[in-house]
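This report looks at how a ligand is held by a protein and at how two helices pack. Please view the sequence and the 3D structure before reading on.

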Amino acid sequence: MLKSLQKELEQRQADGLLRQRRLLDSPQAEHIVANNKPYLSFCSNDYLGLANHPSLIAAMQQAAGNAGVGSGASGLVTGHHRYHDDLEKQLARFVNLPAALLFSTGYMANIGTLGALAGRGDAIFADKLNHACLNDGSYYSLAEFNRFAHNDVAALERLLKVSTAKHKLIAVDAVFSMDGDLAPIPDYLALCEKYDAYLYVDDAHGFGVLGEQGKGSLNYFHLTKNMPKSPRIIMMATLGKAAGVAGSFVAGEQVVIDYLIQKAKSYVYSTPAPPALSATLAASVKLIEQGDDLRANLNSLIAYLKDNLKLKKWQLMASDTPIQPLVVGGNKEALALSEYLQTLGILVPAIRPPTVPVGTARLRISLSAAHTLEDVKKLVAAIHQAESELGA
Ligand SMILES: *Cc1c(COP(=O)(O)O)cnc(C)c1O
């Protein structure tokens, strides 16, 4: 076996697909020290610049003093601390849904929730560009897995129309992680009503960024603002991206949450994240709530980048979110651009297949409220310089 592993790794290297980790010696921020060198970074999903926020660091230190550092047991045994419980209630109130349940990561939430809510005889309908963990959750659930072309409402409707599944669940990214565009969520919700389906929205990249006070994509589309809300909505958001810490939550009807507490295996058979993280997240959600200035700065940086990047060959995808992908095409070409920027002291990750479709390798530029206009100007100048240097 080891020989074949080695061979596969060598092939990846030859194809320009070998991934390498950078070693970080600084906090996660817009200026980082990676592999012993300082860089201006456009790599993180810390969209509001909270991952190294002084008041969150203080909250974590204080909470660890009160609650210790470990949860010790499954949430169903003695691992469910008051800090966890308070955060669940705060998150449900914040996104304006009846109830919420914490998971240790977004990956665990998707696997556990799809696995619990769908099974044999049921069907999951998924956008082809969904995040890998929605796919994994679907496979794990053993439900019939139907994929439709990206954001293609008509294609989804064709699938729903002929489906004879007992329960139907539409599962989509709200903001697509490698494209930055939004799913037509209101259209999907209308299809749910028409075909008696439920909607599972993964808001990993909308939570904290979109909607009033950063309440996320459902709020952005006015779907959770007023009563009555559709009981067909189930949302998930990660807490390691805009919220700056770690973990995730699922929110929806009380009966859904009660069911997940019994049946989501990645909740039941896993130790919850430390209670101190929940206390830190409680402070983070307050910063998100009061973070209109951060979001205003972020949006002005997005607009600046889009208005000022004028390239001949490479193109920014149509995105209004902090995820601004610059499509390059070939794997080696994308890698060469990323490496060139790195020599200028700027880190932007090259994203290659299988994360994105073949022939669409790209630089995934992600902007943060912690960036300054100067930072973005530097990036724009560097990409322009790269285009002339690399002979694009
Ligand atoms: C990052 C991400 C996840 C996974 O969340 P983690 O908390 O990092 O495990 C799930 N869905 C989407 C769309 C993501 O981008």
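How many nonpolar, polar and charged residues does the shell around the ligand have? By class, there are three nonpolar, eight polar and three charged residues in this shell. The model is a predicted one.

**The ligand and its surroundings**

The ligand is surrounded by 14 residues. Gly106, Asp202, His205, Thr238 and Lys241 are the closest of these. Helix H4, which spans residues 106-117, contributes three residues to the shell, and this is the most that is given.

For three of the closest residues, a distance between an N or O atom of the residue and an atom of the ligand is listed below.

| Residue | Part of the residue | Ligand atom | Distance |
|---|---|---|---|
| Gly106 | backbone N or O atom | oxygen | 2.7 Å |
| Asp202 | side-chain N or O atom | nitrogen | 2.6 Å |
| Lys241 | side-chain N or O atom | oxygen | 2.6 Å |

On its own, the ligand has 380 Å² of accessible area, and the protein covers 83% of this.

**Two packed helices**

Two packed helices are described by the angle between their axes and the distance between the axes. Here the pair is helix H6 (residues 153-162) and helix H7 (residues 185-195). The angle at which H6 and H7 pack is about 15°, and their axes are 11 Å apart. Angles under 35 degrees count as roughly parallel, and H6 and H7 are therefore roughly parallel to each other. The crossing in which H6 passes H7 is right-handed.

Technical notes
Residues are numbered from 1 along each chain as its sequence is written. This is a predicted model: local features need pLDDT of at least 70, side-chain atom pairs count only at pLDDT 80 or more; totals for chains, interfaces and linings use all residues. Side-chain values use heavy atoms; hydrogens and water are left out. A residue is near a molecule or strand if one of its heavy atoms lies within 4 Å of it. A polar contact is a pair of N or O atoms within 3.5 Å; within protein, one must be able to donate a hydrogen and the other to accept it, and residues adjacent in sequence count only if both atoms are side-chain atoms. Accessible areas come from the Shrake-Rupley method with a 1.4 Å probe; for residues, only the protein chains shown count as cover. Helices (H or I, at least four residues) and strands (E, at least two) are DSSP runs, numbered from the N terminus. Ala, Val, Leu, Ile, Met, Phe, Trp, Tyr, Cys and Pro count as nonpolar, Asp, Glu, Lys and Arg as charged, and the others, Gly among them, as polar. Axes are lines fitted to C-alpha atoms, for helices over the stretch in contact, and angles run from 0 to 180 degrees between N-to-C directions. Angles under 35 degrees count as roughly parallel, over 145 as roughly antiparallel, 65 to 115 as roughly perpendicular and the rest as oblique. A crossing is left-handed if the near helix is turned anticlockwise from the far one by less than a right angle, and right-handed if clockwise.
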